Amino acid sequence: MPPNKHNMTYKTSIASFTKDQTSIIKGIAILMIIFHNFFHWIEPVDSMENEFFFKTDHVKVFLQSFADSPWEFINILFSYLGHYGVEIFIFISGYGLAKSFLSKEKSWGRFMIDRLKKLYPLLLIGLVVFILFKITMTYAIPTAAEWRSILYKLLFINLFIPGETMVLCGPWWFFGLIIQLYIFFPLLYKLISKYGFKAFALISITSYLFVYYALNNWHLTGGLTVMQHCVAHFPEFCLGIYLGKKENITANIWVFLIALTVFILGNFYEAFFPITFLSVTYVLLFIFVKVISWNPKPNMIRRIIVYFGNISMMLFVIHGMFRWQFVCLAKHYNNPGITIIFALLYFLEVFFLSLSAKVVYDWIQQLLKKTKPEE
């Protein structure tokens, strides 16, 4: 039966994401993150995004920057908005894990072992690169404090220790977050499997109540914030799980408009700030579904983004360490066009280094498969 006019006007439905479409989402997310982590150190915005903490001045600087330097729009957009690529990764992680559980559900222990087999080699490769980078650039081995930070990273506890959240390589704070989400995934999956949208809504409301309480009552120091922990991102993660269990994905224009409104308000008013992460996830999801429905055929640009998505975790673990020389050069020349050139050169360096890292990672994964015990 063909969809009615009402559905055709206000809703767009597609089948579950294909493997390539999932890779496109990851590719877009990693490009947002990489260029955000480059541009947000460079004026005119310069680390003024509302990511872990909220300040009304940040959005004012963002808007004023457009008025003062409209030719720097690429810099400004990535600086202020690029970090939302993390939310896309969180969403698609929940979505992908739900799809994998649909085909074969696992015990909590088996699930965590499988996740650690994928995550630990990635982190270890990053740490080896960090140590080699440190020796090459400073002619010195890591300090005692850095070895201690490496241990915290390996134990995934750096998000709980003041002064340790962003050390060694700032973007690696995400490792602490994703392992927390993995720990809770089997439970969240069971709840959403049993109760559907009601579970998603209840989990999200409970999460926000906790986050609002923490933001208003816990005066943390040393860079610690509840916004780096799983409870603040359960809504995006559970949205991925919820949609991962459905046969079709529907983009609703009214939900989109509400989400967009909440996102805008969350940049001006702290009361809406915690909800911006879920709202922007839906906004980006809506746009992606619309684009797929309008033009489902692959093209050269999509193939390139698919490839970036396929190596997205390699790009993620490598990129943070190699931006600083390019950031310093961009600051020195202070020219919008030259800054774009340095951004592209930075990405090319990270891309080719990631290809080498992927060879090592794939080799490790092959070794782990050979030693995989029978279930």
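Let's start at Phe316, which counts as buried at 5% relative accessibility. Phe316 sits in helix H14 and forms a ring pair with Phe174 of helix H8 (residues 173-195), a partner 142 residues away in the chain. Please keep in mind as you look around that this is a predicted model. The points below begin with the aromatic rings and then move on to a histidine, a helix, some backbone details and the cysteines.

**Aromatic rings**

- In the whole structure there are 44 aromatic pairs.
- In the pair of Phe174 and Phe316, the ring centres are 5.6 Å apart and the planes meet at 70°, so this pair is edge-to-face.
- Like its partner, Phe174 is buried, and its relative accessible area is 7%.
- Elsewhere, ring pairs join a cluster whose members include Phe35, Phe38, Phe39, Phe78 and Tyr307. The cluster also takes in Phe308, Phe326, Tyr346, Phe347, Phe351 and Phe352.

**His319 and its surroundings**

- His319 belongs to helix H14, which covers residues 312-319.
- With a relative accessible area of 0%, His319 is buried.
- Its side chain makes a polar contact of 2.9 Å with the side chain of Asn37.
- The side chain of His319 also reaches the backbone oxygen of Phe316, at 2.8 Å.
- Setting aside neighbours within four places in sequence, His319 touches Ile33, Ile34, Asn37, Pro171, Tyr346 and Val350. One of these, Tyr346, is a member of the aromatic cluster described above.

**Helix H7**

- Helix H7 runs over residues 144-155, and its 12 residues should span 16 Å at 1.5 Å a residue. The end C-alpha atoms are 17 Å apart, which agrees.
- Which residues of H7 are buried? They are Glu146, Ser149, Ile150, Tyr152 and Lys153. These residues cover an arc of only 160° around the axis, so they lie on the same side of H7.
- A general point helps here: an α-helix has 3.6 residues a turn, so residues three or four places apart point the same way.
- Helix H6 (108-138) is among the elements that cover the buried residues of H7.

**Backbone details to look for**

- As background, most residues other than glycine have a negative phi, and most peptide bonds are trans.
- Tyr139 is not a glycine, yet it has a positive phi of about 55°. You will find Tyr139 in the loop between H6 and H7, and at 74% relative accessibility it counts as exposed.
- Phe156, just after H7, takes a positive phi of about 60°.
- Leu168 has a positive phi too, near 70°, and lies in the loop between H7 and H8.
- The peptide bond from Glu43 to Pro44 is cis, with omega near 20°. Pro44 is in the loop that connects helix H2 (19-39) and helix H3 (56-68).

**Cysteines**

- How many disulfides does a search of the whole structure find? The search finds 0.
- Why is Cys230 not in one? Its closest cysteine sulfur, in Cys238, is 10 Å away, too far for a bond. A disulfide would need the two sulfur atoms within 2.5 Å.
- For Cys238, the closest cysteine sulfur is in turn that of Cys230.
- Both residues are away from the surface: Cys230 is buried with a relative accessible area of 8%, and Cys238 is buried with a relative accessible area of 0%.

Terms used
Residues numbered from 1 in each chain as written. Predicted model: local features only at pLDDT ≥ 70, side-chain atom pairs only at ≥ 80, totals over all residues. Heavy atoms only, no water. Buried < 20%, exposed > 50% of the residue type's maximum accessible area, 1.4 Å probe, protein only. Helix = DSSP H or I, 4+ residues; strand = E, 2+ residues; numbered from the N terminus. Polar contact = N/O pair within 3.5 Å; in protein donor to acceptor, adjacent residues only side chain to side chain. Contact = heavy atoms within 4.5 Å. Expected span 1.5 Å × (residues − 1). Arc of directions from axis to C-beta. Phe/Tyr/Trp six-rings, centres within 6.5 Å; stacked < 30°, edge-to-face > 60°.
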